[in-house]
Amino acid sequence: MNRTLIETADGSLTLFVPALNEHFHSTHGALQEADHVFIQNGVACKNHLDSIRILEMGLGTGINAFLTMAWAKSYLGMVTYVGIEAFPVEEFLIDSCLQAAGCEDPLERSFFSQASYGKTQELGNFRFLPRNAKWEEVDYTHEFDVVFYDAFGPRAQEEMWSMDNLERAYHALGTGGLFTTYCAKGQVKRNLKALGFEIRSLPGPPGKREMTQAIKV
Ligand SMILES: C[S@@+](CC[C@H](N)C(=O)[O-])C[C@H]1O[C@@H](n2cnc3c(N)ncnc32)[C@H](O)[C@@H]1O
């Protein structure tokens with residue numbers, strides 16, 4: 001898959017996929033979007049738990065994983081992070097994006113490199129398991145507290161927002177589990193509701209009106 005680096009409005013970098021005419025993050029600010037959707041309205045909502053297990057659909061550059069690792073430094077419990085990625089991103093692209101996101105330590109950056117796929121690594125209270133797999137092959141049941149659903153948008157990759165694929169996230173979560181995504185499309189919210197999620201439409205990151213949180217009740 002051909003991917004090129006571009007700078008976003010907050011100075012952080014993201015990738016553009018010409019074949020899909022789609023970006024990995026919001027061009028209004030990749031870092032701001034990741035922090036708003038996946039940290040503040042994602043893992044931080046579960047800081048009352050003794051430990052937190054996160055499943056990410058679409059690990060990509062690892063920006064969400066890196067921000068979670070940084071967040072975990074002020075959290076006392078263990079954070080386990082499983083990232084699913086069908087098309088691992090080239091080393092130099094990951095390196096550039098993470099550096100621009102504030103990951104200055106080369107050792108920390110190597111944690112998110114292509115070479116780490118298939119391995120379990122630990123740094124302090126952060127346990128990281130990147131998996132080179134298609135979401136369609138994933139089959140977890142009641143194993144996670146949070147799902148970061150960071151697929152390409154419905155215009156570019158409609159199938160990732162189908163009932164079948166969203167149901168994988170529903171099954172992966174335990175009761176009370178939290179699904180978070182930047183996507184606020186009506187049909188996606190209706191699909192999530194039909195699966196049994198309780199939907200919360202929240203203000204979006206800069207440049208986007210809304211985002212979606214869904215709770216497995
Ligand atoms: C919007 S980008 C995710 C950005 C990523 N979270 C980051 O911080 O860089 C979507 C990601 O999903 C991956 N992807 C696309 N189809 C997939 C599939 N069927 N299974 C797993 N990953 C997939 C893409 O390769 C891409 O890395």
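Select residues 4-7 and 13-17 in this predicted model. These are strands β1 and β2, which run antiparallel and are joined by 4 bridges. Within the pair, display leucine 5 and leucine 15: leucine 15, in β2, is the bridge partner of leucine 5.

Next, add residues 22-23, which make up β3. The open sheet now on display has 3 strands in the order β1-β2-β3, with antiparallel pairing. β1 and β3 occupy the edges with a single partner strand each, so one side of each has no neighbour in the sheet.

Remain here and select asparagine 21, in the loop between β2 and β3. Although asparagine 21 is not a glycine, its phi is positive, at about 50°. Asparagine 21 is exposed, with 9 other C-beta atoms within 10 Å.

Then bring in residues 91-100. This is helix α3, lying across β1 and β2 and running at about 140° to β2.

Proceed to helix α1, residues 30-40. Of its 11 residues, 9 are buried, and the helix is thus mostly covered. The buried residues include Leu31, Val37 and Phe38, but also Gln32, Glu33, Asp35 and His36. To see what the buried residues of α1 pack against, show β2, α2, β8, β9 and β11 (210-216).

Helix α5, residues 163-172, is the next selection. Colour Leu166, Ala169 and Ala172, the buried residues of this helix. They lie on the same side of α5, because they cover an arc of only 115° around the axis. Turn to the face directed away from that buried side, and the exposed residues Met163 and Asp164 come into view. The elements covering the buried residues of α5 include β4 (51-57), β8 (144-149), β9 (173-181) and α6 (186-195).

Now centre the view on the ligand. Which residues come nearest to the ligand? Of the 17 residues around it, they are Gly58, Gly60, Thr61, Ala86 and Trp135. Selecting α2 (63-72) and β5 (78-85) reveals further context, as each supplies at least two residues of the shell around the ligand. Coloured by class, the residues of this shell divide into 9 nonpolar, 4 polar and 4 charged.

The final stop is histidine 142, in the loop between β7 (126-132) and β8. Its phi is near 50°, a positive value in a residue other than glycine. Is histidine 142 buried or exposed? Histidine 142 is exposed, with 11 other C-beta atoms within 10 Å.

How values were computed. Residues are numbered from 1 along each chain as its sequence is written. This is a predicted model: local features need pLDDT of at least 70, side-chain atom pairs count only at pLDDT 80 or more; totals for chains, interfaces and linings use all residues. Two strands pair if DSSP finds at least two bridges between them. Two residues are in contact if their C-beta atoms, placed from the backbone, lie within 7 Å. Axes are lines fitted to C-alpha atoms, for helices over the stretch in contact, and angles run from 0 to 180 degrees between N-to-C directions. A residue is buried if 20 or more other C-beta atoms lie within 10 Å of its own, exposed if 12 or fewer, and partly exposed in between; C-beta atoms are placed from the backbone. The arc is that of the directions from the helix axis to the C-beta atoms. A residue is near a molecule or strand if its C-beta atom, placed from the backbone, lies within 6 Å of it. Ala, Val, Leu, Ile, Met, Phe, Trp, Tyr, Cys and Pro count as nonpolar, Asp, Glu, Lys and Arg as charged, and the others, Gly among them, as polar.
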